[in-house]
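Subject: Structure for your review

Dear colleague,

Please find below the structure that I am handing over to you. I would be grateful if you could read the notes beneath with the structure open.

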Amino acid sequence: MKIIDCPVNGPRPLQEFHFGGEVRTMPDPARAADAEWADYVFHRSGEPAVKREWWYHVPSGVWFIAERDNRTDQFVRTYLYGEGPANE
């Protein structure tokens, strides 16, 4: 059984979570050109590496960020938005 460490509720089974996609910075809606929006909506970084991703813990309604190595499918660490290494 795969276990994910929820930053609020501790280690929980994978079945309690939903994947929310890669963490990306949204362009400024007031200034972004069509090409910039198209790039944001349709292009993803798919190379093998440790990725920052949004995950949702369904029973508690907590969104958080997980750093996951997509080559091994191993979670490196999890933290709440704003509490990460760069305080994103």
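The notes below set out what was found, beginning with the basis of the values.

This is a predicted model, in which local features need pLDDT of at least 70 and side-chain atom pairs count only at pLDDT 80 or more, while totals for chains, interfaces and linings use all residues. Residues are numbered from 1 along each chain as its sequence is written, and side-chain values use heavy atoms, with hydrogens and water left out.

Overall architecture

The protein chain contains 1 helix and 6 strands; these are DSSP runs numbered from the N terminus, with helices being H or I of at least four residues and strands E of at least two. Read from the N terminus, the order of the elements is β-β-β-α-β-β-β. The C-alpha trace spans about 45 × 25 × 25 Å along its principal axes. Of the 88 residues in the protein chain, 26% are buried, where buried means under 20% relative accessible area, exposed means over 50%, and partly exposed lies in between (1.4 Å probe, protein chains only). The protein chain exposes about 5900 Å², and carbon and sulfur atoms supply 53% of this area; accessible areas come from the Shrake-Rupley method with a 1.4 Å probe, and for residues only the protein chains shown count as cover. Among contacts with a separation of 6 or more, 37% are between residues 24 or more positions apart, a contact being heavy atoms within 4.5 Å.

The β1-β2 hairpin

Strand β1 (residues 3-6) and strand β2 (residues 10-13) run antiparallel and are joined by 4 bridges; two strands pair if DSSP finds at least two bridges between them. A hairpin through 3 residues connects β1 to β2, and C6 stands opposite G10 in β2. In a regular strand the side chains alternate between the two faces of the sheet. Along β1, I4 and C6 point to one face and are buried, whereas I3 and D5 point to the other and are not.

Aromatic residues

The structure holds 7 aromatic pairs. Rings of Phe, Tyr and Trp (its six-membered ring) pair if their centres lie within 6.5 Å; planes under 30 degrees apart count as stacked, over 60 as edge-to-face and the rest as tilted. One of the pairs is formed by W54 and W63, which meet edge-to-face at 6.4 Å centre to centre with 80° between the planes. W54 is partly exposed at 24% relative accessibility, and W63 is partly exposed at 45%. W55 and F75 form another edge-to-face pair, at 5.4 Å centre to centre and 70° between the planes. This pair links distant parts of the chain, with W55 in strand β4 (residues 50-57) and F75 in strand β6 (residues 74-79), 20 residues apart. W55 is buried, with a relative accessible area of 8%. In addition, W54, Y56, W63 and Y81 form one aromatic cluster.

The charged end of R24 sits over the ring of Y40, 4.3 Å from its centre; a charge sits over a ring if NZ of Lys or CZ of Arg is within 6 Å of the ring centre and within 35 degrees of the ring normal.

Salt bridges

There are 8 salt bridges in the structure, each being a side-chain nitrogen of Lys or Arg within 4 Å of a carboxyl oxygen of Asp or Glu. R68 forms one of them with E53, and their closest N and O atoms are 2.7 Å apart. This pair also links distant parts of the chain, R68 lying in strand β5 (residues 62-69) and E53 in strand β4, 15 residues apart. R68 and E53 are both buried. Salt bridges that share partners join K2, E53, R68 and D73 into one network.

R12 and E16 meet through their side chains in a salt bridge of 2.9 Å, N to O. R12 is partly exposed at 30% relative accessible area, whereas E16 counts as buried at 16%. D28 and R31 form a further salt bridge, with 3.6 Å between the closest N and O atoms. Here D28 is partly exposed at 38%, and R31 is exposed at 73% relative accessibility.

Yours sincerely,
A colleague
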